[in-house]
Each structure stands twice: as C-alpha cells, then as structure tokens.
Amino acid sequence: MKKALRMGMAAVAVAAVGCAVTLFELGHTSDEIAAPPYVQTAVLRQGASGGEVKELQRRLKQWGYYSGSVDGIYGKQTTEAVKYFQRKNGLVADGIAGKATYEALGMMESAKALEGSSGSSSSSGTSSSYTSSDTYLLAKCIYAEARGESYVGQVAVGAVILNRVRSTSFPNTISGVVYQKGAFTSVSDGQINLAPDKTAMNAAQDAINGWDPTYGCIYYYNPAVATSSWIFSRPTVTTIGKHVFAK
C-alpha cells in the first residue's frame, strides 16, 4: 500500500516538472499565458498591441498623422505618429499615449479609465440631450467658422461652443450660444447659412461625444485679424492652426 502511494506521488511530481519544463521551453510563465496580449485602457507605448492600439492608429490615420497599417501593433511608426500628434497639440512629445493624449484624440473612455472611472461623467462633455438639429447647427457653425482649419481645429471650435453651453456666463443651448449677439462673425456675415460638409458633421459629433482639444476653453480668435484688445488679455491655453484658444 505504501509503495503504491509513493509511486503515485512520484508520478504527480514528474507531471508537474514536465508542465514546468514545457512552460520554460516556450519562454512563458503560467501567469503570462493566462494574461491577454494587451491591457485595455492602459497607458500605451511601443511594444503594446490590441484593439485599443487599433483605435489609436485609426484616429491618427484619419487626421493625417499616421500612414501605416491599422494593425493593432504599437511599433516605431505608431510611436513617431503619436509624437507628431503630441507636438502639434502642445503635449509632451514622448510617443506614449496616456491620459492627455487620449483626451486630445477624443478617446474619452480610455482617459476616464486611467482616472479609475468607468462610468459617464458630465465633465466629459458627452450628452444625450443634444438632438440631431443641435448637431447640425453645431456643424454649420464649425463649417462657417473653421472650414479652412485641420480636423482637430474644427473639433476645437465645436468644443468651445459646447463649453459655452455648459458655462453659466453663456446661454445654455447650442442655438443660444451660436446666435448670441456679436458672438460669431459667421452669423453676422451670413456664412452660418452655408451647408456643412461631412468633415464638419464628423467634427460636431466628435465634440458632442466629448473630444475637447482646447481643454475647456470658451474663447478662440485669429490673432491676424482680431481687433479687440480685450480678447488678447484672455489666458491662452493652446494654438491650433490659425486659432488661439483661451479661457
């Protein structure tokens, strides 16, 4: 009986050693094999892979910062594209996609996850109260005010309008902000009546979804044509294209 028990225990030990050798030969630990290939909503850097990297690449490619394949592999080309985007948007150009880069790209869920919040937040800028008419009017204003700007610059103008809606210093609707007396030259000169293109529509939707490249600004101006000395006194946050964005 004792001899059989010893033989059984020896067999278990040999099997355990065999499993360990197999894992060692593959170059992995048991924890590594059980883990997914990437961590969702984590800080991304060269060497990462997965669905979130694909979304990062898709956005960078859509806005002209990346020309490679949307393959979910964070390689050297993706790193350089992230650096390019960061430089253009006033961020630290380290090639690492963290909270600030996520926010500038409009990847708000990823940014919120890094804050430890998985739920929605009113500060994110998203709102289900905006109607299709609101979106269309926002797109019209974006097109009238910034159709010559980059895509990020167009989203930024939309974000300023939405930031005004949320501010107690301005009307609390998109139409109220857009048509506030003297607020936008495109309303004064009639360009607000132009039909927005697809880019402006997409920019309006991205702004409504929470992308704010201005980080909460409620003013913007073109310093080459601005005539009000007051606007130059506002604290500058960022410059995108020809527009300076301020609080």
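Which residues are linked in a network of salt bridges? Glu-55, Arg-58 and Arg-59 are, and View 2 shows part of that network. The model is predicted.

**View 1. The protein chain has eleven helices and three strands.** Going from the N terminus, the order of elements is α-α-α-α-α-α-α-α-α-α-α-β-β-β. The chain has 247 residues, and 41% of these count as buried. Taking contacts between residues at least 6 apart in sequence, 56% join residues at least 24 apart. The count of salt bridges comes to four. The views below take up some of these pairs, and then the packing of three helices.

**View 2. Glu-55 and Arg-59 form a salt bridge in helix α3.** The closest N and O atoms of Glu-55 and Arg-59 are 2.6 Å apart. Both residues belong to α3, which covers residues 51-62. They are four residues apart, or about one turn of the helix. An α-helix has 3.6 residues a turn, so residues three or four places apart point the same way. The two partners differ in burial: Glu-55 is partly exposed, with a relative accessible area of 26%, whereas Arg-59 has 13% and counts as buried. Arg-58 joins Glu-55 and Arg-59 in the network of salt bridges.

**View 3. Glu-80 and Lys-83 meet in a salt bridge in helix α4.** The N to O distance between these side chains is 3.7 Å. Helix α4 spans residues 76-88, and the two partners sit three residues apart in it, about one turn of the helix. Glu-80 is partly exposed at 38% relative accessible area. Lys-83 also counts as partly exposed, at 23% relative accessibility.

**View 4. Lys-99 and Glu-103 pair by a salt bridge in helix α5.** Their side chains meet at 2.7 Å, N to O. Helix α5 runs over residues 99-105. Lys-99 and Glu-103 are four residues apart there, about one turn of the helix. Lys-99 is partly exposed, with a relative accessible area of 31%. Glu-103 has a relative accessible area of 19% and is buried, because buried means under 20%.

**View 5. Asp-206 is buried and has no salt bridge.** Asp-206 is part of helix α11, residues 198-208. Side chains of opposite charge can pair when their charged atoms come close. For Asp-206, the nearest side chain of opposite charge is Arg-59, at 4.5 Å. A salt bridge requires a distance within 4 Å, so Asp-206 and Arg-59 do not form one. Arg-59 has its salt bridge with Glu-55 instead, as View 2 shows. Leaving aside residues up to four places away in sequence, Asp-206 touches Trp-63, Tyr-151, Val-155 and Trp-211.

**View 6. Helix α11 packs against helix α8.** Two packed helices are described by the angle between their axes and the distance between the axes. For α8 (residues 151-166) and α11, the angle is about 50 degrees and the axes are 8 Å apart. The two helices are therefore oblique to each other. Their crossing is right-handed. On the α8 side, the contact is made by Tyr-151, Gln-154, Val-155, Gly-158, Ala-159 and Leu-162. On the α11 side, Thr-199, Ala-200, Asn-202, Ala-203, Asp-206, Ala-207 and Ile-208 take part.

**View 7. Helix α7 crosses helix α8.** The axes of α7 (residues 132-146) and α8 come within 9 Å and cross at roughly 125 degrees. That angle makes α7 oblique to α8. The crossing of α7 and α8 is right-handed. Leu-138, Cys-141, Ile-142, Glu-145 and Ala-146 of α7 meet Gln-154, Val-157, Gly-158, Ile-161 and Leu-162 of α8. Among these α8 residues, Gln-154, Gly-158 and Leu-162 also take part in the contact with α11.

**View 8. Helix α11 has buried residues, and α7 and α8 help to cover them.** The buried residues of α11 are Ala-200, Ala-203, Ala-204, Asp-206, Ala-207 and Ile-208. The cover over these residues includes α7 and α8. Just after α11, Gly-210 takes a positive phi of about 120 degrees.

Key:
Residues numbered from 1 in each chain as written. Predicted model: local features only at pLDDT ≥ 70, side-chain atom pairs only at ≥ 80, totals over all residues. Heavy atoms only, no water. Buried < 20%, exposed > 50% of the residue type's maximum accessible area, 1.4 Å probe, protein only. Lys, Arg positive; Asp, Glu negative; His and termini not counted. Contact = heavy atoms within 4.5 Å. Axes fitted to C-alpha atoms, helices over the stretch in contact; angles between N-to-C directions. Parallel < 35°, antiparallel > 145°, perpendicular 65-115°, else oblique. Left-handed = near helix turned anticlockwise from the far one by under 90°.
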